[in-house]
Every structure is written in structure tokens, then in C-alpha cells.
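User: I am new to this structure and would like a careful, close look at one part of it. Please choose a sheet, follow its strands from partner to partner, and then show what lies beside it and elsewhere in the chain.

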Amino acid sequence: MFCDGRPGLTAAFRDLVAIFHCSFHPTRGNIIDWHMKASDDLKLDGVEFTALPSGLHLVDTDVVHITHKVHHGISVFRRRQTDEAGMRGFRLESLGILVAQSPRPRPWRHLAALKELSSSLETHWVSRQSQYSDINARDWSLLEKWYNDRVFRRIGEQGEWLGWDEELSSDSSNHPALHLPHLLRILGPSSLTLYKHALARRRVLIYTNPPVEPACILAQIAADICGGGGAPNVLGMVGIGHIEKLDTESRGGHGWIACTTDAIFLEKPSLYDLVIDMTTSRPARPAFFVTRPALASPRGPRHRLVPVRFTFSDVRLWSELERTLRADADEAGSNAESKSRWTDGWRLYEDVCVACAGAWMGGWRSGNSAWGIGSSGSLHVNKSGGIRLDGDDDGIRNAGRGIEGRPVMTTSPSSTVISKEGLSRQVQTTLALLNTFHAHSEFLSERLSELLDEASADSNSTETLVLHPRDVMSLELGVLSDLDARFLEWLAERNKKSGGRKVIVKRGWKDLLAVLLGFG
């Protein structure tokens, strides 16, 4: 990359195709005050409703991730005090940008500069004696200059994606993925339910109250942990006026992740497969709901919401993730884990479930009648109040032992992601967590391709393929879990080896009993 002489402005950041300023008008609603765009073919109609979602009047500042047509963008919201008649003491404004299409659009690279630009607007208008109340009389030269320095002019200027190492180390602290360790600590093993739905490219909705930036970050992270080309489309904020857009995305079959502040979406579960409610009263514990068909009723809803958390099969992957999180906490000397470990009932509930699941799997695999962990396993509470499983870890996933489908590590620890020199501890931890997720995604894809090849050879049907409980176990999923069975069917139907055929996981009581008794 090369610089044009001004600090922080590089060729890789010249990827803007539009900039706009919108506000709430007391009689006209959300309006676009001013805009500039790289092409007249780009229509900005409707972007004002995405950049100013309902409820933002309750906060002073916020950041909103958006999509408009095929372009991703980001906007900075501010609630400015004013004495103007009819404004009720505040003016609601949002300054946003859209970036050029690319394999990896990253509008958050402009976030720091966009925030600074937004905060300096009012001062600029006062210094130019611009009439703040008259949109047509305002001086927009500050925005015009800023935009012209970053506008996309030719293919290649938007920058080439060079991998996660380069992205996380160069995108500053505004990169959503850098919040991954914090979000995993908040969501716990339930984060793997989100991971499964995102990897299978299902429809995921995140319902939140303002500020909306945490929900937007969660949506982007859910796509990032999938790895490769398996991520669903991240739509950013949507409102009640975007239902048609969601239907169109759903028909495309690529899945999507979106955020909303409109509670009416909770009454329309047919629009999505998983909803995460970030407005629940329990502190820092979002609620997860999956949609299920409702009982037949002429006038009633066709779908209902069912609470869901995580499955026992998630314990192995979560144990590996937690090792990385624990190492990060130990290195930072942080005692954050102990703050609410015993006071948060749901955290304690998850600890007990993880312990029971690990003990059950360890005893099942080792044949230990005491259901212990390995040959000399034990269970105890560490200094931070967390439950930890010790021993040989026969039933718990170990990083680098080939369980994820990755080769066994033969290099020294200094060559691994977690020990790369020149990267901050936050970046190192994020890279290690992403590597764990991506390796697991690759393992599932490769092993599933092998199973589908075998199923195709044994099947004479041109419409369906059947997978058995032993296939479920070979993917380290739970044979008794309905969520895991659905996840496997979703994932298999997206695999090229399925040939477009419907995939069914056979879960009759005879099949399950045969597997549990060792005859599967």
C-alpha cells in the first residue's frame, strides 16, 4: 500500500461509492439532507430508514451497520441539542457511507475518521455562518473534501484481501472481530448455536434496543467465524419496511444475519430460523429462540418460538475455545471471570451442563463405570469460580490433536497463531479463536463430503439421501439432539456432494438404540 502524503490515508481505503447525511424531520420523517455518489446509477432511496432505525432517539450516539442494494456501509448517529421549533430539543442526524463491492467489504475501516468528521460538522457550520435550520443553506464542503479523498475510482483501489492476520493488524480497534473474545465470554456455549445456524446459512435475526452497535458487531462476527465461503449475507440493520428484502434474501438460499429494533418481528417467526433477543432482563445473557411449526389453526400463527441454548455435543468445541479464553485471561491478569460466575444463575447452569456432558462423554468413550474423565479425571472449581475438567481429556476436544480435522502440530509453539510476534494480545487471541472455528468448519465440510459419497453409493434414489446415527457421531454431533440433526441436514443439503437432493437424518428409535448399545 502507498500513502498520498497525509497520515492514515492509504490507497486501500479509497473504496467509497457514496456518502450521505440524513436526519429526522418533524413533519416529513426520515429524509436525506445531502449526498454524493460515484455513479448516478446508484440510487440511495430508502437508506435513510436503515441509517436511522426506530428507537435511536433514546441515545446520544451510536454506530449502525447497513447494507443498501449490493453495497455495505456504516453510519454514525448523533443526537444534537437544538432550540429549533418543532424539534423537541434534539435534532437526530446520521452520517453514513457505502463502500464498493469486493470479496471482503470493510466499511468499519473508515469508522474512526467518520466519527471525527461527524463530531466536527456542527463546529464547521457555525464557523462558516451556515444556517443550521435551513438544509439548503448549509455548507457541505467539509464532507465533499473528505469524500473525494476516499472515493472509489477504478477496480483494485478498494484493496486486496490478504488474510486475517493482515486485516486484524491493520484495521485498527474498530474491527468487529476483535470483540469475539468478549462476546464468547458473554454468550458462553450458546454461541455455538449461533455458529451452527450461520454455518448452515440459515436466517438469523438479532433483536435489540438502542444502542444497536453491539448487535451489529455480533452479526458480523457470526459471519466471520464460519470461515471460507460458508458465511451468510450480513444485512446490518433492518426495519419493518425491509420484510420484502428479507423474503428476497431468503429465496436466494444463501442465508442472512440481520439486526432490528422493531419488536413486531418477534410476532413474525416465519421470517427467520433463529432469533437472539438482546433485550432480556437477565444481565448480559441474551436469549436464543428457534422457530418451530405451530399447531394447525385457521387464524393463528404458523410458527412459534422455542427457547434453545446449546447441545452436549458443543462441549468439545467449547472446551477448546475456553482454553484460549482462559489463556488470554491469565496473560492479562484479569479476574473478570470471577465477577459473576456464581451470581449469574445461567452461567452456573452452563458450567454444570458442560461438566455433566464432559463426564458423560468421557465415561461413554472410556467404558468407565464411574463416568469419569479419562483414566484419572477429576472435577474441581478453579480460583475464578469456574468449573474445570482435569485428566487425560479423552472425551474433550484438544487443540492441535487432529480432532478438528487439522494435522497434528509438529512445529514449535512459537510458530502458532497465538504466539506471532508484533501482534497485540487482543489480535493474537482473536486469531486463535477464529482459527479454531475455521478448522472446525473445514472438518465438518470434509467429513460430510465423505459421508455423502458413501450415502450416494448406497442409495438408488435420485431425490433423497439418508444419513444414519453413526454418521452423526462421526461428525462429533449428538445423536439424541434434534438441533444437531437439523443442523446436519441443513449443512448436507448445501454440500456439493448432495447433488441437490434432500438429505434426511434417520433417527428412529431402533437406530438410536443400536448406536447407544454399540451396534450402530
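Analyst: Two strands are taken to pair if DSSP finds at least two bridges between them. Strands (E, at least two residues) and helices (H or I, at least four residues) are DSSP runs, numbered from the N terminus. This is a predicted model, in which local features need a pLDDT of at least 70 and side-chain atom pairs count only at pLDDT 80 or more, while totals for chains, interfaces and linings use all residues. Residues are numbered from 1 along each chain as its sequence is written, and side-chain values use heavy atoms, with hydrogens and water left out.

The part to look at is an open sheet of five strands, which follow one another in the order 2-1-5-4-3 with antiparallel pairing. Strand 2 (29-37) and strand 3 are the edge strands, and because each has a single partner strand, one side of each is left without a neighbour in the sheet. From one strand to the next the twist averages 20°, an angle between axes that are lines fitted to C-alpha atoms (for helices over the stretch in contact), running from 0 to 180 degrees between N-to-C directions.

Beginning at the edge formed by strand 2, its partner is strand 1 (residues 16-25), and these two antiparallel strands are joined by eight bridges. Within this pair, serine 23 faces its opposite number, isoleucine 31 of strand 2.

At the other edge, strand 3 runs antiparallel to strand 4, and eight bridges hold the two in register. Their partners can be read off residue by residue: isoleucine 66 stands opposite glycine 73 in strand 4, and threonine 67 stands opposite histidine 72 in strand 4. The two strands form a hairpin with two residues between them, and in that hairpin lysine 69 takes a positive phi near 60°. Moving inward, strand 4 also pairs with strand 5 (residues 90-99), in the antiparallel sense and over nine bridges. Isoleucine 74 has isoleucine 97, in strand 5, as its bridge partner.

How enclosed is this side of the sheet? Residues are called buried under 20% relative accessible area, exposed over 50% and partly exposed in between (1.4 Å probe, protein chains only). In strand 3, seven of the eight residues are buried, so this edge strand is largely enclosed by the rest of the structure. Strand 4 has eight of its 11 residues buried, so it too is largely enclosed by the rest of the structure.

Strand 3 and strand 4 return in the account of the largest pocket. A pocket here is, on a 1 Å grid over the protein atoms alone, an open set of points where a 1.4 Å probe fits, with protein on both sides within 12 Å along at least five of seven lines; lining residues have an atom within 4 Å of a point. The lining consists of 36 residues, and those nearest the centre of the pocket are His72, Pro103, Arg104, Pro105 and Pro232. Two or more lining residues come from each of strand 3 (61-68), strand 4 (71-81), helix 7 (213-224), strand 7 (233-237) and helix 8 (243-252). Strand 7 contributes the most, with four residues. His72 therefore appears twice in this picture, because the residue opposite threonine 67 is also listed among those nearest the pocket centre.

Strand 7 leads on to another sheet, open and made of six strands in the order 7-8-6-9-10-11, with mixed pairing. Its edge strands are strand 7 and strand 11 (303-307), each of which pairs on one side only. Neighbouring strands in this sheet are turned against each other by 20° on average, direction ignored. One of its pairs is that of strand 6 (residues 203-207) and strand 8 (residues 256-260), which run parallel and are joined by five bridges; there, leucine 205 has alanine 258 in strand 8 as its bridge partner.

Elsewhere in the chain, helix 5 (residues 180-187) has six of its eight residues buried, so this helix is largely enclosed by the rest of the structure. The buried residues are Leu180, Pro181, Leu183, Leu184, Ile186 and Leu187. After helix 5 comes glycine 188, with a positive phi near 65°. In helix 1 (residues 47-51) lies phenylalanine 49, which counts as partly exposed at 48% relative accessibility. Phenylalanine 49 is 25 residues from phenylalanine 24 in sequence, and their C-alpha atoms are 9.7 Å apart in space.
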